[in-house]
Amino acid sequence: MLLPELRANVLTTARKMVADGLAYGAQGNVSARDPDSGLIGVTPSAIQYDQMTAEDVVIINTHGQIVEGRWKPTSETPLHTIFYRERSDVGAVVHTHAPYATTFAIVGEPIPMVLAEAALCIGGPVPVAPYRRPSTQELAQVMLETVGQGVSALLAHHGLITVGPNLELAYAATIAAEISARLVIMARSINAHPIELDADEVTALRQMYLHYYHAQAADA
Ligand SMILES: [Zn+2]
């Protein structure tokens, strides 16, 4: 079996996504790129994550063609592969239907930066992309454009995507977006106005985080 460790990491993240209440059953999808071969491990289509094994993770190339696997890759494969083709810094993609973040996606409002932790992991408000139909190339394209050089964006009427150099950081951005969205909704529910972090401070925090991450990566 190709890339057992990569497959295991994809499976672990997919299960975390369900355990953390960010996706139900077989919803959402996760992928990661092997830095040596450039091959991608991605969750299969329509298999419940609690029944999935590492062998069920599909190995594909950056054009979405199956290299090894017994199932079809997720129907959202174009949404994953476009980031691997267009951004060499992306090593993992996480797409969830995180409920609080998705609340912002249904009202067409960006998730503001109200937490220092989110500023570190995400580096700016989470923008909302224009609506495109799920599983299409058009959706992949509009998400690539909306994420830009950042790490996250909301899919209108659908969910959230985060990217990162690895699964750990891509997933940390998902959690930061979801918690921020939840806290903003909670503040509004008591008729209070959440106060956004100063934009310069958000940038400074993000730079600090990237510097720390690169120093760690250089040590490894
Ligand atoms: Zn979805």
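**Close-up 1. The parallel edge pairing of strands E6 and E7, with Val-128 and its bridge partner Leu-154.** In this predicted model, Val-128 has Leu-154 of strand E7 as its bridge partner, and the pairing of E6 with E7, whose strands run parallel, comprises 2 bridges. These strands belong to an open sheet of 8 strands with mixed pairing, in which the order is E4-E3-E2-E1-E5-E8-E7-E6. Strand E4 (66–68) and strand E6 stand at the edges with a single partner strand each, so one side of each has no neighbour in the sheet.

**Close-up 2. Strand E8 between its two antiparallel partners, E5 and E7.** Strand E5 is joined to E8 by 5 bridges in the antiparallel sense, and within this pairing Ala-92 has Gly-164 of E8 as its bridge partner. Strand E7 also pairs with E8 in the antiparallel sense, here over 4 bridges, and Ser-152 is matched with Thr-162 of E8. The hairpin of E7 and E8 has 3 residues between the strands, and His-157 in this hairpin takes a positive phi near 60 degrees. Strand E8 is mostly covered, with 6 of its 6 residues buried. Both of its faces are covered, since the buried residues include Gly-159, Ile-161 and Val-163 on one side, and Leu-160, Thr-162 and Gly-164 on the other.

**Close-up 3. Helix H5 and the elements that cover its buried residues.** In helix H5 (residues 137–147), the buried residues are Leu-139, Ala-140, Met-143, Leu-144 and Val-147. Viewed down the axis of H5, these buried residues fall within an arc of 135 degrees, so they line one face of the helix. An α-helix has 3.6 residues a turn, so residues three or four places apart point the same way. The cover over the buried residues of H5 includes helix H2 (77–86) together with strand E6 (128–129), strand E7 (152–155) and strand E8 (159–164). Helix H5 is followed by Gly-148, which has a positive phi near 60 degrees.

**Close-up 4. The packing of helix H3 against helix H6.** Helix H3 (residues 99–107) packs with H6 at an angle of about 70 degrees, and the axes of the two helices are 7 Å apart. That angle makes H3 roughly perpendicular to H6. The contact is made by Tyr-100, Ala-101, Thr-103 and Phe-104 on the H3 side and by Ala-177, Glu-178, Ala-181, Arg-182 and Ile-185 on the H6 side. Within H3, the residues Tyr-100, Ala-101, Thr-102, Phe-104 and Ala-105 are buried, and what covers the buried residues of this helix includes E6, E7 and E8 as well as H6. Helix H3 is followed by Gly-108, whose phi is positive, near 70 degrees.

**Close-up 5. Helix H6 and the surroundings of Glu-178.** At 1.5 Å a residue, the 23 residues of helix H6 (residues 167–189) should span 33 Å, and the end C-alpha atoms are 33 Å apart, which agrees. Just after H6, Asn-191 has a positive phi of about 60 degrees. Glu-178 has its place in helix H6 and counts as buried, with 24 C-beta neighbours inside 10 Å. Leaving aside residues up to four places away in sequence, Glu-178 touches Leu-22, Ala-98, Tyr-100 and Ala-101. The C-alpha atoms of Glu-178 and Ala-14, which are 164 residues apart along the chain, are separated by 16 Å.

**Close-up 6. The buried loop residue Val-126.** Val-126 lies in the loop between helix H4 (116–122) and strand E6, and this residue is buried, with 30 other C-beta atoms within 10 Å. Not counting residues up to four places away in sequence, Val-126 touches Pro-110, Ile-111, Ser-152, Ala-153, Leu-154 and Ala-177. Although Val-126 and Ala-181 are 55 residues apart along the chain, their C-alpha atoms are separated by 9.7 Å.

**Close-up 7. Helix H1 across strands of the sheet.** Helix H1 (residues 4–19) lies across strand E1 (29–33), strand E2 (40–42) and strand E5 (92–96), and H1 runs at about 150 degrees to E1.

Conventions. Residues are numbered from 1 along each chain as its sequence is written. This is a predicted model: local features need pLDDT of at least 70, side-chain atom pairs count only at pLDDT 80 or more; totals for chains, interfaces and linings use all residues. A residue is buried if 20 or more other C-beta atoms lie within 10 Å of its own, exposed if 12 or fewer, and partly exposed in between; C-beta atoms are placed from the backbone. The arc is that of the directions from the helix axis to the C-beta atoms. Two residues are in contact if their C-beta atoms, placed from the backbone, lie within 7 Å. Two strands pair if DSSP finds at least two bridges between them. Axes are lines fitted to C-alpha atoms, for helices over the stretch in contact, and angles run from 0 to 180 degrees between N-to-C directions. The expected span of a helix is 1.5 Å times one less than its number of residues. Angles under 35 degrees count as roughly parallel, over 145 as roughly antiparallel, 65 to 115 as roughly perpendicular and the rest as oblique.
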